[in-house]
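Here are some short exercises to work through with the model open beside you. Try each task on your own before reading its solution.

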Amino acid sequence: ELFITNFDDNPGFLFSAILKHHGSLQTLAIHTPPDQTYKRKAPPVWTTEQLEQLHEHFAKLSHLEIDIGLAEGQWPSHTATILARFSRVRTLKLYVEVPITASGFSDEYKYDVWGSVCPPPLKEDRGNEVLTGLFRQVFKVDPYAFLTHLEVCFTRLDISDRMDSYIVENPIWVRRLERDDAPRPDEGGFRVDCIGSWRVAGRQ
């Protein structure tokens, strides 16, 4: 098992070190949350080549948890296509940082006429669409894929407190239905859950 948080320096070196454990690693979790001090670099985003190597060499990987970046504010479909081929992964968690500018998942973060500001709501319909799309795609690539749980945790900074900023999150989950009469996963055999609003990161 390998858990790494708040890493923002030399991601190439980190990936080279991870590759050395390709024969035994079963759990890989790397996450760098939004920077509340605005001093840290952006979270390292896995390149296409790195994801391809991860897929090719880590046959025993059953839990994967990583940051992925939006592509000009939109869902990174090319990255999702690669992740859909991780058929041996049982649980997959993806962190997506929502920018303060307008994106496919939220409106622009701006002050109102009274000088107040609060994070715009997550566009959950779009979140559900990309999440269930990825889940279905996994089983279209491999009908016998092991995936049982997929989560996309949308994160952002809440700057509504004039004295401080803090990290909020809005996760959406897809769980595979395990009952004997459930439809195939790529034909709707899953359940979608969400909390419905931003919450302070780490709170349940």
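The exercises below concern a predicted model, and each is followed by a worked solution.

**Exercise 1. The nonpolar core**

Find how many residues the largest nonpolar core has, and which helix gives the most to this core.

*Solution.* Start with the size: the largest nonpolar core has 45 residues. Next, look for its best-connected members; L28, W46, L54, L64, W75, L94 and F154 have the most contacts inside it. Then turn to the helices: α4, spanning residues 124-141, gives the most to this core, with six residues. Finally, pick out L54 and skip its neighbours within four places in sequence. Its contacts are then F15, L28, W46, L61, L64 and F86. As background, nonpolar side chains in soluble globular proteins tend to be buried together.

**Exercise 2. An acidic residue in a strand**

Decide whether D67 is buried or exposed, and find which side chain makes a polar contact with the side chain of D67.

*Solution.* First locate D67: strand β3, residues 63-67, contains it. Its relative accessibility is 7%, so D67 counts as buried, the cut-off being under 20%. Now look for polar partners. The side chain of H31 makes a polar contact with that of D67 at 2.8 Å. The backbone is involved too: a polar atom of the D67 side chain lies 2.9 Å from the backbone nitrogen of T32.

**Exercise 3. Rings around F135**

Work out how the rings of F135 and F139 are arranged, then do the same for F135 and F190.

*Solution.* Begin with the total, which is four aromatic pairs. The F135 and F139 pair is tilted, with 5.3 Å centre to centre and 50° between the planes. These two residues are separated by about one helical turn, because they are four residues apart in helix α4. Both F135 and F139 are buried. Move on to F135 and F190, an edge-to-face pair at 5.5 Å centre to centre with 65° between the planes. This pair links distant parts of the chain, since F135 is in helix α4 and F190 in strand β7 (residues 190-194), 55 residues apart. Check burial last: F135 has a relative accessible area of 0%, and F190, at 14%, also counts as buried.

**Exercise 4. Cysteines and a charge**

Establish how many disulfides the model has, and which ring R90 lies over.

*Solution.* The disulfide count comes to zero. For the cysteines' surroundings, C153 is buried at 2% relative accessible area, whereas C194 is partly exposed at 35%. As for R90, it lies over the face of F146, 4.8 Å from the ring centre.

Definitions and conventions. Residues are numbered from 1 along each chain as its sequence is written. This is a predicted model: local features need pLDDT of at least 70, side-chain atom pairs count only at pLDDT 80 or more; totals for chains, interfaces and linings use all residues. Side-chain values use heavy atoms; hydrogens and water are left out. A nonpolar core is a set of buried Ala, Val, Leu, Ile, Met, Phe, Trp, Tyr and Cys residues joined through side-chain atoms within 4.5 Å. Buried means under 20% relative accessible area, exposed over 50%, partly exposed in between (1.4 Å probe, protein chains only). Contact means heavy atoms within 4.5 Å. A disulfide is a pair of cysteine sulfur atoms within 2.5 Å. A polar contact is a pair of N or O atoms within 3.5 Å; within protein, one must be able to donate a hydrogen and the other to accept it, and residues adjacent in sequence count only if both atoms are side-chain atoms. Rings of Phe, Tyr and Trp (its six-membered ring) pair if their centres lie within 6.5 Å; planes under 30 degrees apart count as stacked, over 60 as edge-to-face and the rest as tilted. A charge sits over a ring if NZ of Lys or CZ of Arg is within 6 Å of the ring centre and within 35 degrees of the ring normal.
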